[in-house]
Amino acid sequence: MTQPNTDVLLLVDLQNDFIEGGALAVQGGADVIAVANALMPHFQHVIATQDWHPSDHQSFASQNPELAIGDSFLLDGLPQTAWPDHCIQDSHGAAFAGALNQKAIQHVVRKGTDRQIDSYSGFFDNGHQRSTGLADYLRQQGIERVFVMGLATDYCVRATVLDAFAEGFGVCLVLDGCRGVNLQPGDVERAIFDMQNAGAELIESRQIPSEN
Ligand code: VGL
Ligand code: ZN
């Protein structure tokens with residue numbers, strides 16, 4: 001059952017670079033845009049995160065000749081995956097997918113703006129040093145539970161869900177609204193397991209309208 005005043009739909013990184021044709025395209029990424037559009041009318045609160053990197057972000061393999069895309073390395077002491085250049089501030093790739101109904105989005109949280117640290121979660125950077133302000137914003141709005149969907153399951157969705165719990169929110173993960181990178185086989189399954197283990201309720205988008 002959804003609670004209009006205390007539930008939020010949180011759309012994770014529904015940006016051109018993560019969908020087919022983009023720099024860090026996730027297989028099936030375009031399919032989830034329709035899921036987001038269908039869900040938005042069922043929520044009074046809709047928030048989106050946006051990966052928003054400077055062009056010299058240090059997670060980009062292009063920034064270090066010794067790195068290839070997909071390599072693991074340490075960035076300021078934190079484990080980091082080397083990514084293709086993606087979601088560069090103000091670029092087409094960083095823009096929300098054209099088919100996404102942006103009118104229903106009340107608030108956008110940008111992340112990954114510091115070149116020295118990546119930020120998968122919509123709440124904190126990967127070192128949990130700096131908050132994006134999302135948790136405080138949700139509390140100000142009276143939100144108690146977040147319905148999370150988006151890209152990518154094994155990175156930004158996973159990190160956002162785990163932080164949502166740490167911040168005291170309930171979480172429903174909308175499975176058919178998520179697609180993953182799967183750099184290693186099994187990454188998506190492991191991410192879903194981790195989120196479920198933390199307490200996320202796994203649901204399908206079709207369950208939401210009928211619950212109202
Ligand atoms: C993401 C890798 C790098 C994501 C963002 O949105 O899951 N993944 N930056
Ligand atoms: Zn990124």
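Two residues are in contact here if their C-beta atoms, placed from the backbone, lie within 7 Å. Keep that cut-off in mind for L183: leaving aside neighbours within four places in sequence, L183 is in contact with G70 and T81. The structure you are looking at is a predicted model, and we will come back to L183 after a walk through the sheet.

**The annotated span**

The UniProt record, an unreviewed entry, lists residues 8-206 as "domain: Isochorismatase-like". Helix accounts for 21% of this span and strand for 22%, and the C-alpha atoms at its two ends lie 17 Å apart.

**The sheet**

Six strands make up an open sheet with parallel pairing, and their order is β5-β2-β1-β6-β7-β8. The edges are held by β5 (107-111) and β8 (201-203); each has a single partner strand, so one side of each is left without a neighbour in the sheet. On average, neighbouring strands of the sheet are turned by 25° against each other, direction ignored. As background, strands of a sheet pair through backbone hydrogen bonds, either parallel or antiparallel.

Four of the pairings can be set side by side, with bridge counts as follows.

| Strand pair | Sense | Bridges |
|---|---|---|
| β1 and β2 | parallel | four |
| β1 and β6 | parallel | six |
| β6 and β7 | parallel | six |
| β7 and β8 | parallel | three |

Individual bridge partners help to fix the register in the viewer. Strand β1 covers residues 7-12; its L9 has V46 in β2 as bridge partner, while L10 is partnered by V148 in β6. Further along, G150 stands opposite C178 in β7. Strand β7 spans residues 170-179, and its L173 is the bridge partner of L202 in β8.

How enclosed is β2 by the rest of the structure? Six of the six residues of β2 (residues 46-51) are buried, so this strand is largely enclosed. In a regular strand the side chains alternate between the two faces of the sheet. In β2, V46, A48 and Q50 point one way and I47, T49 and D51 the other way, and all of them are buried. Strand β6 gives a similar reading: six of its seven residues are buried, so β6 is also largely enclosed by the rest of the structure.

**Around ligand 1**

Which residues are around ligand 1? They are D13, F18, D51, W83, Y120, L151, A152, Y155 and C156. By class, this shell divides into seven nonpolar residues, two charged ones and no polar ones. One of the shell residues, D51, is also among the buried residues of β2. Two others, L151 and A152, are joined by a cis peptide bond, with omega near -5°. A152 sits in the loop between β6 (145-151) and α3 (153-166).

W83, another member of the shell, leads on to F60. Leaving aside neighbours within four places in sequence, F60 is in contact with W83 and D85. F60 belongs to the loop between β2 and β3 (72-75). Is F60 buried or exposed? It counts as buried, because 21 C-beta neighbours lie inside 10 Å and the threshold for burial is 20 or more. Along the chain F60 and S119 are 59 residues apart, and their C-alpha atoms are separated by 13 Å.

**Loop residues worth a look**

Back to L183, which is found in the loop between β7 and α4 (187-198). L183 is partly exposed, with 14 other C-beta atoms within 10 Å. Its contact T81 is 102 residues away in sequence and 9.8 Å away in space, C-alpha to C-alpha.

Two residues that are not glycines have a positive phi. For C87 the angle is about 50°, and for H128 it is about 55°. C87 lies in the loop between β4 (78-81) and β5, whereas H128 is placed in the loop between β5 and α2 (134-140). Their surroundings can be read from the neighbour counts: C87 counts as buried, with 25 C-beta neighbours inside 10 Å, and H128 counts as exposed, with 12.

Definitions and conventions
Residues numbered from 1 in each chain as written. Chains lettered and ligands numbered in written order. Predicted model: local features only at pLDDT ≥ 70, side-chain atom pairs only at ≥ 80, totals over all residues. UniProt positions renumbered as here; feature names shortened; annotations may be inferred. Pairing = 2+ DSSP bridges. Axes fitted to C-alpha atoms, helices over the stretch in contact; angles between N-to-C directions. Near = placed C-beta within 6 Å. Nonpolar A, V, L, I, M, F, W, Y, C, P; charged D, E, K, R; others polar.
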